[in-house]
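User: Hi! I'd like to go through a protein model step by step, with a bit of reasoning behind each answer. Can we start once it's on screen?

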Amino acid sequence: MSTRNEPTVRIQKIKKDTIKTRLIIFGALALILLLCSVFCEHLTPYDPYLQDLKNAKAPPSLEHLFGTDRYGRDMLSRVIVGSKTSIFSTLLLVGIVTVLGTMVGVFCGWHGKWIDTVLMRISDMFLAFPGLVFAMAVAGVLGGGLQNAIIALVAISWPKYARIARSQTLAQKETPYLKAARLSGSGTWKIIFKHILPNIVGPILVTSMLDIGTMMMELAGLSFLGLGAKPPTAEWGSMMSDARSLLSSVPWVTLAPGFAIFISVMIFNLLGDTIRDYADPKSRGR
Amino acid sequence: MEPVLKVENLTKVFTRKGQPDYTAVNHISFEMSPGECLGLIGESGSGKTTVVNMITRLLDSTEGRILLGGEDITRLSGKGLRKAYREMQMVFQTPTDSFDPRCTLGDGIGESLRNNGWSRKAAKDEVVRLLEVCGLSADFAGRYPHQVSGGQCQRAAIARALAIRPKLLICDEATSSLDVTIQQEIIDLLNELRWTKGSDLSILFICHDIALVQQFCEYVLVMYKGDIVEQGTPGEIIQDPRDPYTKRLIASIL
Ligand SMILES: Nc1ncnc2c1ncn2[C@@H]1O[C@H](COP(=O)(O)OP(=O)(O)O)[C@@H](O)[C@H]1O
Ligand SMILES: [Mg+2]
């Protein structure tokens with residue numbers, strides 16, 4: 001009997017250990033990325049805005065790892081500096097959308113009745129429009145700039161989070177432990193913060209982690225249309241679209257920020273997956 | 001003496017989209033006196049859970065009145081309802097699911113105490129005492145529900161239900177998901193609690209096993225398809241069942 005059980009116990013333990021290891025690795029990578037964007041000014045080998053026309057369109061070399069653009073600016077430095085705008089505005093955007101959407105969703109799910117109906121119809125309305133087009137309209141009305149681009153994207157993205165949070169809340173409401181909490185005399189706020197949110201935060205967090213990439217691209221898209229970050233501000237998205245016409249002759253100018261987006265999106269996606277596995281209470285144990 | 005619980009004409013009609021209305025509970029009335037242990041039996045789907053969910057106000061009733069210690073709680077909500085919960089607690093059918101997977105058992109047991117103004121320290125000590133009363137050691141307070149067995153979890157659930165010292169304890173098939181020996185232990189524990197508490201704890205014991213009810217309850221209601229079809233002492237019901245459904249139920253266990 002015991003010999004039979006041992007392998008499964010070991011496998012479970014290994015699984016638990018790998019989740020922890022993954023969490024540490026991806027968490028560390030994400031942290032490096034964040035630190036990189038915080039201290040970007042001190043990490044650049046060259047001045048990212050310094051033009052050196054003699055050295056324009058230089059291919060990647062030991063001096064310029066990612067080459068230079070058409071003004072001779074060092075691409076590596078520009079990518080590093082661009083991380084500040086790209087990563088920070090994306091994280092800010094995802095953070096706002098997550099908190100706002102979750103608040104609305106939990107409120108609807110918990111309260112039910114007419115408020116639920118009204119808010120969900122409004123979210124349907126938002127979902128009925130093609131997202132980016134709507135965001136463009138909003139950003140256009142507000143008049144460009146990174147801040148307005150973020151507002152526009154929040155406006156189109158909150159319904160998704162509201163829906164997830166609402167359905168999760170409805171499922172939580174039916175659980176015996178929530179009924180037990182009500183019988184224990186806990187009020188609405190205590191139930192929401194102590195019992196509902198900790199139990200639904202996992203899937204929501206995973207969704208927002210997995211959304212970081214999309215949001216990054218959408219912000220870049222708006223920047224490209226002149227509705228977000230404006231040149232010469234180094235921002236990955238606008239850098240990419242900036243060099244679009246030169247893709248065949250100087251591909252590294254497009255590829256360098258593209259590579260940066262690819263790496264960051266991947267790190268955040270893997271981190272999101274790991275957080276989901278880790279947040280599952282059954283995989284944690286003692 | 002004032003009844004602990006009085007239920008008058010309680011009715012629940014479920015309305016579902018695209019389907020005819022379904023009367024899960026049909027005008028039932030009964031009352032419980034202090035210290036009494038009342039059994040409610042009936043097959044699966046007969047409406048037992050619906051009845052207790054209405055009594056605990058987790059579900060709104062369609063019709064009827066619920067009086068807890070003389071106070072009408074049929075339409076209570078918010079603060080008034082939370083006050084009523086000091087008199088009435090419940091033990092659920094699925095022990096593990098009745099504790100928040102993210103909180104320790106001690107947290108769950110102490111929640112009602114903390115909500116009623118106990119200090120953290122006092123609540124913690126009381127949780128340990130309650131665990132001991134229910135036959136668990138103090139270290140269970142720090143465990144999560146998935147780290148204990150079903151029987152242990154049900155003991156913790158009973159500890160939680162008794163924490164605030166209610167007058168009425170409702171056990172909705174509290175033993176059904178446990179195996180036979182553990183079932184007996186839980187019954188023994190409930191019996192012990194009844195007699196040590198100075199007999200003012202009333203228990204509404206819901207079950208679909210008449211043998212368990214027989215050794216535990218003074219009076220039994222038999223439910224069938226939302227109606228109370230028969231009532232009496234367990235002895236009367238077993239020896240002289242009048243309703244055809246009860247007859248079948250008795251026949252099935254003899
Ligand atoms: N929320 C609900 N909506 C519709 N029908 C329900 C609902 N809850 C219970 N029912 C129905 O009410 C009947 C009684 O259920 P229940 O009280 O759970 O029975 P028991 O606890 O005796 O097994 C069942 O037929 C069930 O399908
Ligand atoms: Mg039931």
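User: Which residue does the side chain of Arg129(B) meet in a salt bridge?

Analyst: Keep in mind that this is a predicted model. Look along helix H4 of chain B, residues 120–133, where the two partners sit three residues apart, about one turn of the helix. Their side chains come to 3.0 Å, N to O, and the partner of Arg129(B) is Glu126(B).

User: Is Glu126(B) buried or exposed?

Analyst: The cut-off helps here: buried means under 20% relative accessible area. Arg129(B), at 37%, is partly exposed. Glu126(B) has a relative accessible area of 8%, so it counts as buried.

User: Which residue pairs with Lys48(B) in a salt bridge?

Analyst: This one links distant parts of the chain, 125 residues apart. Lys48(B) is in helix H1 (residues 48–55) of chain B, while its partner is in the loop between E7 and helix H6 (180–196) of chain B. Both residues are buried. The side chains meet at 3.6 Å, N to O, and the partner is Glu173(B).

User: What is the N to O distance in the salt bridge of Glu8(B) and Lys6(B)?

Analyst: Start with how open the two residues are: Glu8(B) is partly exposed at 25%, and Lys6(B) is partly exposed too, at 27%. Their side chains meet in a salt bridge, and the distance is 3.7 Å.

User: How many salt bridges does the structure hold over all chains?

Analyst: You've met a few of them already, including Lys48(B) with Glu173(B) and Arg129(B) with Glu126(B). Over all chains, the total is 21.

User: Which residue of chain A forms a salt bridge with Glu111(B)?

Analyst: Across the interface of chain B and chain A, the rule finds one salt bridge. In the bridge of Glu111(B), the closest N and O atoms are 3.8 Å apart. The partner is Lys194(A).

User: Which element gives the most residues to the side of chain B that touches chain A?

Analyst: Two elements of chain B give two or more residues to that side: E6 and helix H3 (105–115). The top giver supplies five residues, and that's H3(B).

User: What is the area buried between chain B and chain A?

Analyst: The contact takes 28 residues from chain B and 21 from chain A. Carbon and sulfur atoms give 54% of the buried area. On the side of chain B, Leu58(B), Arg102(B) and Glu111(B) supply 28% of what that chain buries, more than any other three residues. The area between the two chains is about 2200 Å².

User: How many residue pairs are in polar contact across the interface of chain B and chain A?

Analyst: For this one, just go by the count that the rule gives across the interface, with both residues at pLDDT 80 or more. The number of pairs is 11. As for the make-up of the side of chain B that touches chain A, by class there are eight nonpolar, 10 polar and 10 charged residues.

User: Which residues of strand E6 of chain B share a side with Met88(B)?

Analyst: In a regular strand the side chains alternate between the two faces of the sheet. Strand E6 covers residues 88–91, with Gln89(B) and Val91(B) on the other side, and all four of its residues are buried. On the side of Met88(B) you find Met90(B).

User: What is the bridge partner of Gln89(B) in E7(B)?

Analyst: E6(B) and strand E7 (residues 168–172) of chain B run parallel, and four bridges join them. Follow Gln89(B) across to E7(B), and the partner is Leu169(B).

User: Is Ile66(B) buried or exposed?

Analyst: Ile66(B) lies in strand E4 (residues 63–68) of chain B. Leaving aside neighbours within four places in sequence, it's in contact with several residues, among them Leu5(B), Leu10(B), Met54(B) and Ile73(B). Its relative accessibility is 0%, so Ile66(B) counts as buried.

User: Which residue takes a positive phi in the hairpin of E9(B) and E10(B)?

Analyst: E9(B) and strand E10 (residues 227–232) of chain B pair in the antiparallel sense over five bridges. One of the matched pairs is Met223(B) with Ile228(B). The hairpin has two residues between the strands, and the one with a phi near 50° is Lys225(B).

Notes. Residues are numbered from 1 along each chain as its sequence is written. Chains are lettered from A and ligands numbered from 1 in the order in which they are written. This is a predicted model: local features need pLDDT of at least 70, side-chain atom pairs count only at pLDDT 80 or more; totals for chains, interfaces and linings use all residues. Side-chain values use heavy atoms; hydrogens and water are left out. Buried means under 20% relative accessible area, exposed over 50%, partly exposed in between (1.4 Å probe, protein chains only). Two strands pair if DSSP finds at least two bridges between them. Contact means heavy atoms within 4.5 Å. Buried area is the accessible area (1.4 Å probe) that two parts lose on being put together, summed over both. A salt bridge is a side-chain nitrogen of Lys or Arg within 4 Å of a carboxyl oxygen of Asp or Glu. A polar contact is a pair of N or O atoms within 3.5 Å; within protein, one must be able to donate a hydrogen and the other to accept it, and residues adjacent in sequence count only if both atoms are side-chain atoms. Ala, Val, Leu, Ile, Met, Phe, Trp, Tyr, Cys and Pro count as nonpolar, Asp, Glu, Lys and Arg as charged, and the others, Gly among them, as polar.
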